[in-house]
Amino acid sequence: MAVPERAVPLRANRDFRLLWLSGLFAVIGTQMTALALPLLVLRETGSAVQAGAIGTVSVASLLVTMLPGGVVADRVERRRLMRLCDLGSLTVVTALAVAVWNGHTPLVLVLLVAAAAAVITSLYGPAAFGLMRAVVPRDQMGTATARLQARTATARLVGPLIGGALFGLHPVLPFLAEAVGLALSTLCVALVRTRSRPASRAGRPFSRRELTAGLSFLWELPYLRTVLLVFGLGMNFAFGAMTFTALSVFSDSGRSGVGGGLIVTCTSAGALAGALLAPRLRPERRAGLLIPATCWICVATAGALAVVREPLVAGVLVMACMFLSTVASIGFLSTLLVVTPDDRVGRVQSSAGFLSSLVQPLGPLTGGALLTAFGPVAAFLSIGTVLAVSAAVVTFAPSARAVPSYEEAEATGAPGDAAASRPPGEDGPGRTTPAAAPPAPH
């Protein structure tokens with residue numbers, strides 16, 4: 001069987017470059033239509049409630065289908081599943097573009113498109129992580145993860161701008177641009193030579209045991225359980241509340257776009273800078289230091305935001321938090337990909353994403369409620385208290401300090417080796433060696 005090219009630099013890894021490009025085309029298209037869809041509904045109906053329903057349907061569909069999506073990714077050849085997902089997305093977006101071009105876009109169609117996109121994402125994400133694990137050698141996983149994060153951060157920065165500009169020219173243009181991007185994404189995936197086929201499994205695919213296998217894996221390992229619950233849930237929740245509160249306060253409750261825009265821009269810039277610099281910091285080998293440091297910096301930032309009144313200062317503080325959070329998250333995800341068994345990588349990845357996503361909608365809601373009820377000072381201090389509890393747990397809990405090392409993964413023969421990678425046309429089960437690890441704030 002083919003072995004990942006351990007001596008080849010990542011920039012010379014043909015299959016990784018194709019996967020990176022595939023994701024770039026797809027994510028930029030998604031970001032363009034993420035803005036265009038609510039604008040389209042507002043244009044057609046004039047109802048902000050109906051426009052907001054798009055986000056609700058997307059999040060609900062994603063949460064419902066994430067765990068089954070991981071099961072599917074652990075049952076079929078992952079490259080083939082990714083191609084089918086791209087083709088499904090292309091079909092859905094093309095149908096919507098035709099409707100927009102004809103001048104009549106029913107809300108039901110838009111909601112169906114949003115739901116279909118979420119379902120396809122639930123399948124594509126775990127499959128992509130599984131395939132990347134077969135493409136990238138273990139010792140390059142941190143760098144690979146950082147480059148994927150940088151790609152996503154860049155797409156999130158420029159995608160809405162391009163989508164908004166195209167929508168201003170004609171409402172159909174963002175959807176046509178996404179269709180072109182999906183076609184290119186499909187082509188890139190089709191050119192990938194590596195195959196990633198999990199071990200064949202007996203039994204019902206959507207039994208309770210299969211659906212919860214990823215959650216069980218995460219729960220049974222103390223480090224994963226502690227860090228995921230504290231850093232993945234607690235920090236996601238509190239950081240979302242803090243950034244939304246800062247956005248509200250420094251935009252003068254929506255009356256000024258300058259302060260709020262600065263907060264959003266600094267948050268995006270922090271994520272991009274963290275992804276770009278992460279390979280130099282080797283976060284996969286410093287997770288035990290980076291995760292507590294991120295939590296304590298966020299505590300200090302929440303306290304500072306309670307007294308700071310300059311949007312620029314607030315933006316720099318939030319950017320520093322986002323920078324550290326991104327670097328720590330890359331280290332967390334890199335460890336997850338390295339030490340998760342090949343036959344469970346889809347379910348573990350989708351389970352970790354499911355848990356982290358559960359609290360994301362609640363953060364802004366809680367921040368807004370605290371701000372309305374108690375004012376900015378009390379809101380930031382309350383959020384800081386939650387962050388301080390999270391920081392104390394990941395700093396002092398013995399389980400949070402027991403970080404699985406890359407050397408331990410090497411010793412146990414954890415994934416990323418020959419059995420996970422196959423040349424075209426070669427079938428057979430992947431490795432099923434057990435191991436460990438987790439993810440962090442998005």
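The largest nonpolar core in this predicted model takes in 87 residues, and M242, I291 and L387 are the ones with the most contacts inside that core. Apart from it lies another core, this one of 19 residues. As for the fold around them, expect helices: there are 17 of those and zero strands.

**The cores**
- Pick I291 if you want a way into the big core: setting aside neighbours within four places in sequence, I291 is in contact with Y223, V227, F231, A328, F332 and V394.
- The 19-residue core includes I54, V100, A179 and L182.
- As a rule of thumb, nonpolar side chains in soluble globular proteins tend to be buried together.

**The protein overall**
- Of the 442 residues in the protein, 52% are buried.
- Take the contacts between residues at least 6 apart in sequence: 88% of them join residues at least 24 apart.
- The accessible surface adds up to about 18200 Å², and carbon and sulfur atoms account for 68% of that.

**Helix α1 and its ends**
- Helix α1 covers residues 14-45, which is 32 residues.
- From first C-alpha to last, α1 reaches 47 Å, close to the 46 Å expected at 1.5 Å a residue.
- At the start of α1, N13 puts a side-chain oxygen within 3.3 Å of the backbone nitrogen of D15.
- Right after α1 comes G46, and its phi is positive, near 75°.

**T65 in α2**
- T65 sits in helix α2, which runs over residues 48-73.
- Is T65 buried or exposed? T65 counts as buried, because its relative accessibility is 18% and the cut-off for buried is under 20%.
- The T65 side chain reaches the backbone oxygen of S61 at 2.7 Å.
- Leaving out residues up to four places away in sequence, T65 touches A118, V119 and S122.

**R347 in α13**
- R347 belongs to helix α13, residues 345-358.
- R347 is an arginine, yet it is buried, with a relative accessible area of 1%.
- Which backbone oxygen does the side chain of R347 reach? The one on D343, at 2.7 Å.
- R347 and S216 lie 131 residues apart in sequence, while their C-alpha atoms are 10.0 Å apart in space.

Technical notes:
Residues are numbered from 1 along each chain as its sequence is written. This is a predicted model: local features need pLDDT of at least 70, side-chain atom pairs count only at pLDDT 80 or more; totals for chains, interfaces and linings use all residues. Side-chain values use heavy atoms; hydrogens and water are left out. Helices (H or I, at least four residues) and strands (E, at least two) are DSSP runs, numbered from the N terminus. The expected span of a helix is 1.5 Å times one less than its number of residues. A polar contact is a pair of N or O atoms within 3.5 Å; within protein, one must be able to donate a hydrogen and the other to accept it, and residues adjacent in sequence count only if both atoms are side-chain atoms. A nonpolar core is a set of buried Ala, Val, Leu, Ile, Met, Phe, Trp, Tyr and Cys residues joined through side-chain atoms within 4.5 Å. Buried means under 20% relative accessible area, exposed over 50%, partly exposed in between (1.4 Å probe, protein chains only). Contact means heavy atoms within 4.5 Å. Accessible areas come from the Shrake-Rupley method with a 1.4 Å probe; for residues, only the protein chains shown count as cover.
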